[in-house]
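This report goes through one protein model piece by piece. Keep the sequence and the 3D view open while reading.

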Amino acid sequence: MIAHAAHAAVAAGVQDIAGVAAPGADLASAFSGMEARVSFFVQHPPLGTAHAVLAAKPAFEAFSGDVLILYGDCPLLPAEAVLAVREALSALAAPGLAVLGFNATDPTGYGRILLDPEGRPAAIREQRDATTDERAIRLCNSGVIGVRGGGLLASLLDAVRPDNAKGEYYLTDIVALAAARGVPTALVVCDEEDTLGVNDRAQLARAEAIMQRRLRARALDGGATLIAPETVTFAFDTALAPDVTVEPHVVFGPGVRVESGAVVRAFSHIEGAHIGAGSVIGPFARLRPGARLGSHVRVGNFVEVKNATLADGAKANHLSYLGDARIGADANIGAGTITCNYDGFDKHVTDIGEGAFIGSNSALVAPVTIGAGAYVGSGSVITANVAPGALAVGRARQIEKPRWADIVRERRRRPKP
């Protein structure tokens, strides 16, 4: 959730991020790969939201640009809302403050934004400190505040006092402090669901449902076909090219890109994978991180691919595991084939050449190379390299004992003494 808020900030032009958390919190993973400079600060003890922002004072006190305060428990905040706050700051005649608010269906529990006669934020009143008339106000505080100039923000924070029902340092108090000093203020209004906070599992589920609705709409607007949109689960970064078709009950994890004309059939699970143009995946296929499929590849039902490359036209239609492998163009992988990539200590690579044919129920014990155009007989266990164009058969010779089954049955049917 923290990463969602940070991505919204970066998309709105933020170049420096200061993360504040309680002792022991792991923020580094949330900001991994972020296109911004990130620093971390600890709030201890937790004495309120203004106190949390003050923990990052060294990061912004000397900064002359926009300081935006976002929250890690608001994953639905769009970059457009953050950008609107920045634009409101730019429109002020002098360095000032902008508040992001929303009109609540039920304002209970939210801080109310109090406006001056000109419609500018004059104060924010928390629920437990509000009068009866103030509690009737539906314009509520999202928590997001922008200030033009870190020095101004630091000055306002230093003036906050814990004069409230909870005895905490409220960030919202800086609005009244700014208005009292004659600092220009501005109001920006967004949709209520954009600022939905997540404080329990029920709210997390609600936020996820909203996010999935948005991601499905994005996929459809981008030209993808979703047969049953409400059954498809996306990651925030799923990239579907135009003319991709996704059948029902598909789950996309992070890091998936699907090229034009590909079809992902029902009940497939895909993460960290690239699917080339015109390829067909599933039904019931699993692509794990590192799966790289060229164009017109076929990965069928109950096939698992992990850290493997399948070149153009390669096929694995049924019941196979392909891990740590390189599979050449137009190679055919028979049903039940396994690349035995792990020896209990290390992973090893299987190389299958262009146009090779791997017979059903074969085990390829890595490291091993199957040459271009080679054949592997069904039921083989291959432990040595196979030359291009050769046939390899690694199984015991079939023997037959006439009437053995009849004799055994007759013996078993005899009455026991």
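The text below covers salt bridges, a pocket, a surface patch and some details of the backbone. The model is predicted.

**Salt bridges**

Side chains of opposite charge can pair when their charged atoms come close. A search of the whole structure finds 20 salt bridges. Three of these pairs are listed here.

| Pair | N to O distance |
|---|---|
| Asp 66 and Arg 148 | 2.2 Å |
| Arg 213 and Glu 193 | 2.5 Å |
| Glu 168 and Lys 166 | 4.0 Å |

Start with the salt bridge between the side chains of Asp 66 and Arg 148. Asp 66 belongs to strand S3 (residues 66-69) and Arg 148 to strand S7 (residues 139-148), so this pair ties together parts that are 82 residues apart in sequence. Is Asp 66 buried or exposed? Asp 66 has a relative accessible area of 14%, and because buried means under 20%, Asp 66 counts as buried. Its partner Arg 148 is partly exposed, at 24% relative accessibility.

Next comes the salt bridge of Arg 213 with Glu 193, whose closest N and O atoms are 2.5 Å apart. This pair, too, links distant parts of the chain. Arg 213 sits in helix H8, while Glu 193 sits in the loop between strand S8 (185-189) and H8, and 20 residues separate the two. Arg 213 is partly exposed, with 45% relative accessibility, and Glu 193 is partly exposed with 23%. Both residues also belong to a network of salt bridges that links Glu 193, Asp 194, Arg 213 and Arg 214.

The third pair joins the side chains of Glu 168 and Lys 166, at 4.0 Å from N to O. Both partners are again partly exposed: Glu 168 has a relative accessibility of 24%, and Lys 166 has 44%.

**A buried residue in strand S7**

Strand S7, which holds Arg 148, also contains Ile 145. The relative accessible area of Ile 145 is 1%, so this residue counts as buried. Ile 145 can be compared with Ala 50 in position: the two are 95 residues apart in sequence, and their C-alpha atoms are 11 Å apart in space.

**The second largest pocket**

Rolling a probe the size of a water molecule over the atoms shows where empty space is left. The second largest pocket has a volume of about 380 Å³. How many residues line this pocket? The lining has 15 residues, and those nearest the centre of the pocket are His 4, Leu 77, Pro 78, Met 211 and Arg 218. At least two lining residues come from each of helix H1 (2-11), helix H4 (79-91) and helix H8 (201-221). Helix H8 is also where Arg 213 of the salt bridge above is found. By type, the lining of the second largest pocket consists of ten nonpolar, two polar and three charged residues.

**A nonpolar patch on the surface**

Four residues, Phe 267, Phe 284, Phe 302 and Leu 319, form a nonpolar patch on the surface. Together they have about 410 Å² of accessible area. Phe 267 lies in the loop between strand S14 (263-264) and strand S15 (269-270). With a relative accessible area of 43%, Phe 267 is partly exposed. Phe 302 is found in the loop between strand S20 (298-301) and strand S21 (304-306). Phe 302 is partly exposed as well, with a relative accessible area of 48%.

**Backbone details in loops**

Phe 302 has another feature to look at. Its phi is near 55 degrees, a positive value in a residue other than glycine. His 249, which is not a glycine either, has a positive phi of about 60 degrees. Where is His 249 placed? His 249 is in the loop between strand S11 (245-246) and strand S12 (251-252), and its 38% relative accessibility makes it partly exposed.

Two peptide bonds can be examined next. His 44 and Pro 45 are joined by a cis peptide bond, with omega about -5 degrees. Pro 45 lies in the loop between strand S2 (37-42) and helix H2 (49-55). The bond from Gly 282 to Pro 283 is also cis, and its omega is near 5 degrees. Pro 283 is placed in the loop between strand S17 (280-281) and strand S18 (286-287).

Methods. Residues numbered from 1 in each chain as written. Predicted model: local features only at pLDDT ≥ 70, side-chain atom pairs only at ≥ 80, totals over all residues. Heavy atoms only, no water. Patch = residues over 30% accessible without salt bridge, like charges linked within 9 Å, V, L, I, M, F, W, Y side chains within 5 Å. Areas by Shrake-Rupley, 256 points an atom, 1.4 Å probe, with all protein chains shown as cover. Helix = DSSP H or I, 4+ residues; strand = E, 2+ residues; numbered from the N terminus. Buried < 20%, exposed > 50% of the residue type's maximum accessible area, 1.4 Å probe, protein only. 1 Å grid on protein atoms, 1.4 Å probe; cavity = no way out; pocket = protein on both sides within 12 Å on 5 of 7 lines; lining within 4 Å. Points joined across faces, edges and corners; volume = space filled by probe spheres on them. Nonpolar A, V, L, I, M, F, W, Y, C, P; charged D, E, K, R; others polar.
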